[in-house]
Amino acid sequence: MSNASRRIRGLGGQKTSQIMNLEETLQPNDAASHVTTILLSQIQPDLENTRKIYLSFENPRQLDQGSPDYPKAAAQLEEAERLAASIASEGLINPIDVFRVGTGYKLITGHMRTIAHVLNDADSIEARVRTRKPRNVALLQYIENFNRSDLPFSSRYHALSRAVAEEFDVRDISELADREADVVEVLASKAGIKKTQAYAWRKALLASSDVREAVESGIVTTLAETTDLIAMTVEERQSVYGAFGNAGKEGDAPGSGDPSSPDQGAASASTRHRRARPVRSVRAKPIKDPHVAAEAIKRISNGKVDVSKIDLNDFNQLSVALNHAFMALQSELAKGETRRKSRP
């Protein structure tokens, strides 16, 4: 099987040596496990899974076109269909991972592989069955997903927050504000993040509540933007938040259906990248005139970003706003493409 085929199979493909090494060192004394075949009807999805699943496990092809999550669900169904075709042709490489719950099983990893089997009208699937729930489910899920190019930054952020809180047995990561060195060590040794990046992630994860809300609502969409936001004064951050109007309020979080949501269509955008040249992004020429940047923001976002609330002398604010405008345009175009494909 070619490397390209392995990538298309996504989580059904071969695991990297980094993932396998991390899994081996996580908790050697955890619940015993064995690989066997289980019925799909006995499997429960994990509703808190690192990667949000927009498809029904009972009928994945049944999509609600009126739902604000329809574009994401359509993109995910397309991915699941490709995975199902690959599994039907070449079989499942890696079993799903579950633990026992009463007479059934709850998923740890393998949600898309399970859906692919449903699409193939299968009755059962090969699974690694654990006798009880592992202590670090969130960390296992993050490791399984951390090298996926289509996992939005907000999802990575939430996944790491949950995994680190779980590792220290606290309800919220904010409780670890006085344990910065320990957080860095966990990120580097257990989440597989390079030490230099672990410091930046630690700063982002332990940031104030308004910064965390900015990540969740999609105002910032990269780790670099988040650390830039942290470096601003409270007043500067408020002006950035004000520029995005209702961003961060209930119903406006990424994936809510707002055309300006930066996560909208992330999976389809990633697919286009894989089919084209293997680049991560297009880099624009640095803009030295703040008025040019402001005009670009207005035009690209079609007025959705209010530049009058941005300090034009602050290039950090301009950079965050311009990136958000680009992501909003990408989301809008991806949404239109998904609607076009869904027409009979």
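Strands are DSSP runs of E at least two residues long, and they are numbered from the N terminus; by this count, Ser124 belongs to strand β5.

**View 1. The whole chain, before we zoom in.**
Please keep in mind throughout that this is a predicted model. The protein has 344 residues, 47% of which count as buried, and its secondary structure comprises 14 helices and five strands. Its accessible surface comes to about 17700 Å², with 48% of that belonging to carbon and sulfur atoms. Among contacts between residues at least 6 apart in sequence, 72% join residues at least 24 apart.

**View 2. Five strands form an open sheet with mixed pairing.**
Reading across the sheet, the order is β1-β5-β3-β4-β2. Strands β1 (33-39) and β2 (43-44) each have a single partner strand, so they stand at the edges and leave one side without a neighbour in the sheet. At one of these edges, β1 runs antiparallel to β5 (residues 124-130), and seven bridges join the two. To pick out one of the pairs, start from Val35 and look for its bridge partner in β5, which is Arg128. Helix α4 (residues 111-119) packs on the sheet, where it touches β2, β3 (96-101), β4 (104-109) and β5. The direction of α4 makes about 125° with that of β4.

**View 3. Strand β4 pairs with β3 and with β2.**
The pairing of β3 with β4 is antiparallel and covers five bridges, while β2 and β4 run parallel over two bridges. Lys106 is a handy landmark here: Phe99 stands opposite Lys106, and Lys106 is also the bridge partner of Gln44. Two residues lie between the strands in the β3-β4 hairpin, where Gly102 takes a positive phi near 65°. Is β4 enclosed or open to its surroundings? Five of its six residues are buried, so the strand is largely enclosed by the rest of the structure.

**View 4. Ser124 in strand β5.**
With a relative accessible area of 29%, Ser124 is partly exposed, because that value falls between the 20% limit for buried and the 50% limit for exposed. Leaving aside neighbours within four places in sequence, Ser124 is in contact with Thr37, Ile38, Leu39, Leu40 and His117. Gln42 is another residue to look for: it lies 82 residues from Ser124 in sequence, but the two C-alpha atoms are 9.2 Å apart in space.

**View 5. The largest nonpolar core, with 48 residues.**
Which residues have the most contacts inside this core? They are Leu187 and Trp201. Helix α6 (residues 153-167) supplies the largest share of the core, six residues. Beyond its neighbours up to four places away in sequence, Leu187 touches Leu160, Val164, Gly192, Ile193, Ala198, Trp201, Arg202 and Leu205. Another core, of 25 residues, lies apart from this one and includes Ala73, Leu77, Met112 and Val129.

**View 6. The buried face of helix α8 (residues 195-205).**
The buried residues to find in α8 are Ala198, Trp201, Arg202, Ala204 and Leu205. Seen down the helix axis, they fall within an arc of 160°, so they line one face of α8. A little helix geometry helps here. An α-helix has 3.6 residues a turn, so residues three or four places apart point the same way. The helices against which the buried residues of α8 pack are α6, α7 (180-189), α9 (209-217) and α10 (223-231).

**View 7. Thr226 in helix α10.**
Is Thr226 buried or exposed? Thr226 is buried, because its relative accessible area is 0%, under the 20% limit. Not counting residues up to four places away in sequence, Thr226 touches Phe153, Ala204, Val211, Val215 and Val220. Ala204 also appears in the previous view, as a buried residue of α8.

**View 8. Arg51 in the loop between β2 and α3 (70-90).**
An arginine in a loop deserves a second look. Arg51 has a relative accessibility of 7% and therefore counts as buried, since the limit is 20%. To get your bearings, find Glu144: it is 93 residues from Arg51 along the chain, and 9.9 Å separates their C-alpha atoms.

Note on methods: Residues numbered from 1 in each chain as written. Predicted model: local features only at pLDDT ≥ 70, side-chain atom pairs only at ≥ 80, totals over all residues. Heavy atoms only, no water. Pairing = 2+ DSSP bridges. Helix = DSSP H or I, 4+ residues; strand = E, 2+ residues; numbered from the N terminus. Contact = heavy atoms within 4.5 Å. Axes fitted to C-alpha atoms, helices over the stretch in contact; angles between N-to-C directions. Core = buried A, V, L, I, M, F, W, Y, C linked by side-chain atoms within 4.5 Å. Buried < 20%, exposed > 50% of the residue type's maximum accessible area, 1.4 Å probe, protein only. Areas by Shrake-Rupley, 256 points an atom, 1.4 Å probe, with all protein chains shown as cover. Arc of directions from axis to C-beta.
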